[in-house]
Amino acid sequence: MDTTTELDRRFMAACIRYSRRHLGRTGTNPSVGTLIVADTGDGPVIVGRGVTAVGGRPHAETIALAEAGERARGATAYVTLEPCAHHGRTPPCAEALVAAGVARVVAAATDPDPRVSGNGYRILRDGGIEVVSGVMADEAGSVLSGYLTRSARKRCRLTLKLAVSADGMIGREGEGQVPITGEVARAQSHVMRAEHDAILVGIGTALADDPQLTCRLPGLGDRSPMRIVLDSRARLPLESRLVRSIDLAPLAIATIAPESGNARHLEGAGARLIACEEHEGRVALPELLEDLAALGITNLLVEGGAGVARAFLDEGLADRILLFESDVRIGPNGIAAPVGRASLPAGYVPAGKWRFGADRCFEFVQEK
Ligand code: AOF
Ligand code: ZN
């Protein structure tokens with residue numbers, strides 16, 4: 001029986017928003033949120049909150065219970081993921097909730113980790129806690145989806161981001177970076193970088209644009225994810241900005257030529273070489289996504305260019321597409337966008353839309 005109330009949904013919505021806080025910073029662990037809500041007599045009050053710590057431990061529940069202290073007794077805990085049932089550096093979160101005297105747990109998604117998967121709920125129920133699961137599971141799933149993709153498919157989740165001009169272009173031939181979106185959308189795209197574990201571009205974009213691909217927003221400067229260049233022949237120049245900024249964020253080269261002279265020089269400069277399987281002279285993409293997952297990358301943001309975007313789309317590997325649309329016109333010598341709102345491959349459904357200054361952003365996700 002569903003015993004949730006409108007208030008439960010409001011607290012769960014807040015808990016899901018809070019859970020985003022450490023997206024991109026928890027390694028292979030999902031960024032989970034917990035709110036502990038006690039009825040103080042004046043109505044329900046949040047007495048403890050937690051989000052999985054940077055690096056993945058402590059878990060959200062541990063942090064929230066520590067803040068709540070004695071006030072957890074008789075309270076309701078909202079969790080975006082089933083509390084864990086396995087022993088890590090601390091006892092299982094499910095046991096900790098029982099020990100703290102929590103009366104009720106409202107949970108969103110079930111944890112697919114085989115050590116947990118239903119065992120967390122069982123410990124709670126055996127401990128006398130009322131459990132309601134599956135509350136706003138889809139909404140929580142959008143924050144957890146990298147983790148859910150990695151555990152279901154053994155590969156990282158790929159978001160393809162494109163900024164498209166009013167005349168359907170993503171740049172101008174031979175001109176490097178051409179501004180398409182405005183300042184607000186650009187700031188937003190830096191937030192998106194921070195929420196991913198790695199950003200990938202093709203060697204074509206790396207050569208043409210000489211990008212740095214760091215997260216440059218006040219307060220988020222330390223949140224630059226790993227930069228990855230899809231570079232079959234390991235051609236990235238040592239004097240590129242990507243290499244020169246290696247002290248700001250890690251750099252990896254996904255290549256089928258890890259033994260080449262330049263590859264060795266890149267490694268010497270501090271880049272990580274990812275030796276990839278070959279498919280028709282290029283990096284095999286499905287296997288690359290598996291290799292990245294094995295390296296601990298859960299959420300991958302692909303930022304360009306057109307060829308790389310098309311290659312991932314052709315193989316059906318883009319789990320999510322973010323299309324920024326601007327009113328800027330590129331005109332002659334434009335590079336056509338590999339995909340637009342009117343030309344999405346089959347199987348994508350709208351998942352959100354926003355306005356950033358004068359620009360619009362449309363989110364589509366691949367139907368499972
Ligand atoms: C929770 N709360 O905040 C998170 C959970 O390596 P460990 O011991 O930290 O375990 C990782 C697993 O813990 C991960 O696969 C997932 O099942 C769970 N994540 N669980 O109770 C949390 N982040
Ligand atoms: Zn836990």
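This passage describes a helix, a ligand environment and several unusual backbone geometries in a predicted model.

Helix α2, which spans residues 60-68, has as its buried residues Ala60, Glu61, Ala64, Leu65 and Ala68. Because these residues cover an arc of only 120° around the axis, they are placed on the same side of α2. The elements that cover the buried residues of α2 include the strands β1 (33-39), β2 (44-51) and β3 (76-81), together with helix α3 (93-99). Just after α2, Gly69 adopts a positive phi of about 55°.

Around ligand 1 there are 17 residues, of which Val32, His59, Cys84, Gly88 and Asp113 come nearest. By residue class, the shell around ligand 1 is made up of eight nonpolar, five polar and four charged residues.

Most peptide bonds are trans, and most residues other than glycine have a negative phi. Against this background, the peptide bond from Arg57 to Pro58 is cis, with omega near -5°, and Pro58 is located in the loop between β2 and α2. The bond from Gly304 to Gly305 is likewise cis, with omega near -5°, and Gly305 belongs to the loop between β14 (299-304) and α11 (306-314).

Positive phi values also occur in residues that are not glycine. Met136, in the loop between β5 (130-132) and α5 (137-153), has a phi of about 55°, and this residue is buried, with 20 other C-beta atoms within 10 Å. Leu213, in the loop between α7 (203-209) and β9 (226-230), has a phi near 60°; Leu213 is buried as well, with 28 other C-beta atoms within 10 Å.

How values were computed: Residues are numbered from 1 along each chain as its sequence is written. Chains are lettered from A and ligands numbered from 1 in the order in which they are written. This is a predicted model: local features need pLDDT of at least 70, side-chain atom pairs count only at pLDDT 80 or more; totals for chains, interfaces and linings use all residues. A residue is buried if 20 or more other C-beta atoms lie within 10 Å of its own, exposed if 12 or fewer, and partly exposed in between; C-beta atoms are placed from the backbone. Helices (H or I, at least four residues) and strands (E, at least two) are DSSP runs, numbered from the N terminus. The arc is that of the directions from the helix axis to the C-beta atoms. Two residues are in contact if their C-beta atoms, placed from the backbone, lie within 7 Å. A residue is near a molecule or strand if its C-beta atom, placed from the backbone, lies within 6 Å of it. Ala, Val, Leu, Ile, Met, Phe, Trp, Tyr, Cys and Pro count as nonpolar, Asp, Glu, Lys and Arg as charged, and the others, Gly among them, as polar.
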